[in-house]
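Me: I'm new to this one and would like a close look at a single part of it. Could you pick one helix, walk me through its surroundings, and then show me how the rest of the chain fits around that?

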Amino acid sequence: MNRRRHATAAITMICALTVLASPALSLQAAAAPLPPPPPKKTLEEVRQEIDGLYRQAAVATDAYNLAEEKTKEQSAELVKVARMIVEGREKIEALKAQAGAAARAQYRNGGLPDGAHLVLTGDPQLFLDAAGRLKAGAKATTDLLGEMNRTQEQLDVYAADAGVNWTKLEANRVKQAQARKEINDKIAAAKKLESELAAEERERLRRLEEQAQYRAQTTWLGTGVLAGLKADTTPEAKKAIAFATAQIGRPYVWGAEGPDSYDCSGLTQRAWGVAGRPIPRTSQEQWRLLPHVDIKDMRPGDLIVYFKDASHIGMYVGNGAIVHAPRPGRDVTLAGAGSMEILGVVRPT
């Protein structure tokens, strides 16, 4: 009995000590230091991140523009094929009408085929005349049936072409939608980063951007690249330059090709189009398809392509400068031709 009382007393003491110790443990846990916050990004790191987001938006813009061009092409092809299908059906109906007329003519002859009438005639001259007409008629019937078959085969081809073009059209629409989402997401992320900065920091950010461009331009000029460059150019290039420089101050809008706003390749395409030289829509296609020129042979009116992915383009206007549509939030402007990483130079003429 005494043992039980001693055991019960011991358990009660342990529980009491536990209850008394718990708040102290809780206080110790509450007092534990929190992990340090992540280090704040420098303004230069923020600038590089924003620049990277806008670069990614530019790549997506090229994808969007290319998909849009392909969509236009497929839509035009579908219209063309649909027109050919309508014309083919009309031709089939006309051929059927001719076949029906031949059948009605036979019915008027008493339902006997022309060959039977020929056998029944007793006049040699009529026989010869009828034989000639029968031969010509048989050829006409064969030709008619052959034409109907060929027209039907063409209709089958047109229908298959329409299906292929519709599939391509839908695929390009999907690409457009995906690119549009990526563009908007990247621009929104860049704007969010910028909006989180104080007004003074945003001004410092702009100065950092200008300083980075100035350093790149100074380094480029320091190579002596302008030495020996010719200032003369073609009449077409002068027209393109005049148009492009007249757009200075108009806003950058992705996917835009004028007249009130432009993206980078929309500006160069429109300028050279006004000069009478159609060129591809995107900066990547302009780089891929236009003749390449060595930078030492560059002249005003040539297009300078930037970055390894050819995601930006501007028009060289002489004296080491380009006119270009930079990015969202900026206007068409003059800038140093070497203020960005140059991939190469192309010449529309």
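Reply: A quick definition to start: helices here are DSSP runs of H or I with at least four residues, numbered from the N terminus. Keep in mind too that this is a predicted model.

Let's take helix 7, which covers 264-274. Is helix 7 mostly covered or mostly open? Mostly covered: eight of its 11 residues are buried. The buried ones are Cys264, Ser265, Gly266, Leu267, Thr268, Gln269, Ala271 and Trp272. Just past the end, helix 7 is followed by Gly276, which has a positive phi, near 90 degrees.

Now look at the stretch leading in. Pro259 sits in the loop between helix 6 and helix 7, and the peptide bond from Gly258 to Pro259 is cis, with omega near 0 degrees. As background, most peptide bonds are trans.

So what does helix 7 take part in? One thing is the largest nonpolar core, which has 23 residues. Ala271 and Trp272 are among the residues with the most contacts inside this core, along with Ala240, Leu303, Met315 and Val332. Helix 7 is joined there by helix 6 (235-246), strand 2 (303-306) and strand 3 (312-318), each of these elements supplying at least two residues. Helix 6 gives the most, with five residues.

Leu303 is a handy place to see the connection. Setting aside residues up to four places away in sequence, Leu303 touches Thr268 and Trp272, and its other partners include Ile279, Leu290, Ile313, Met315, Val345 and Pro348. Thr268 and Trp272 are both on the list of buried residues in helix 7. There is also a second, separate core of 15 residues, which includes Leu43, Leu53, Tyr54 and Leu193.

Helix 7 has a part in the largest pocket as well. Helix 2 (43-108), helix 5 (199-222), helix 7 and strand 5 are the elements that give two or more residues to the lining. The pocket holds about 780 Å³ of space. Its lining has 37 residues, with Asp51, Glu209, Gln213, Pro326 and Met340 nearest the centre. Helix 2 gives the most to the lining, with nine residues. Sorted by class, the lining comes out as 14 nonpolar, 10 polar and 13 charged residues.

Glu209 leads us to another spot worth a look, because Glu209 is in contact with Arg330, a residue that is buried with a relative accessible area of 15%. Under 20% is what counts as buried here. Arg330 is placed in the loop between strand 4 (321-324) and strand 5 (333-336). Leaving out neighbours within four places in sequence, Arg330 also contacts Arg206, Pro251 and Tyr252. Arg330 and Gly249 are 81 residues apart in sequence, yet their C-alpha atoms are 8.8 Å apart in space.

Over on helix 2, try Tyr64. Tyr64 counts as buried, at 10% relative accessibility. Apart from residues up to four places away in sequence, Tyr64 touches Gln176, Ala179, Arg180, Ile183 and Trp254. Here too, a long stretch of sequence is bridged: Tyr64 and Arg173 are 109 residues apart along the chain and 9.4 Å apart from C-alpha to C-alpha.

Back among the strands, two loops have a backbone feature to check. Most residues other than glycine have a negative phi. Ala310, in the loop between strand 2 and strand 3, has a positive phi, near 55 degrees. Asn319, in the loop between strand 3 and strand 4, also has a positive phi near 55 degrees. Are these two buried or exposed? Ala310 is buried, with a relative accessible area of 3%, whereas Asn319 is exposed, at 79%.

Finally, step back to the whole chain. There are eight helices and six strands, and reading along the sequence you meet the pattern α-α-α-α-α-α-α-α-β-β-β-β-β-β. Of the 349 residues, 34% are buried. The chain exposes about 21100 Å², with carbon and sulfur atoms supplying 59% of that area. And among contacts between residues at least 6 apart in sequence, 68% join residues at least 24 apart.

Technical notes:
Residues numbered from 1 in each chain as written. Predicted model: local features only at pLDDT ≥ 70, side-chain atom pairs only at ≥ 80, totals over all residues. Heavy atoms only, no water. Core = buried A, V, L, I, M, F, W, Y, C linked by side-chain atoms within 4.5 Å. Buried < 20%, exposed > 50% of the residue type's maximum accessible area, 1.4 Å probe, protein only. Contact = heavy atoms within 4.5 Å. Areas by Shrake-Rupley, 256 points an atom, 1.4 Å probe, with all protein chains shown as cover. 1 Å grid on protein atoms, 1.4 Å probe; cavity = no way out; pocket = protein on both sides within 12 Å on 5 of 7 lines; lining within 4 Å. Points joined across faces, edges and corners; volume = space filled by probe spheres on them. Nonpolar A, V, L, I, M, F, W, Y, C, P; charged D, E, K, R; others polar.
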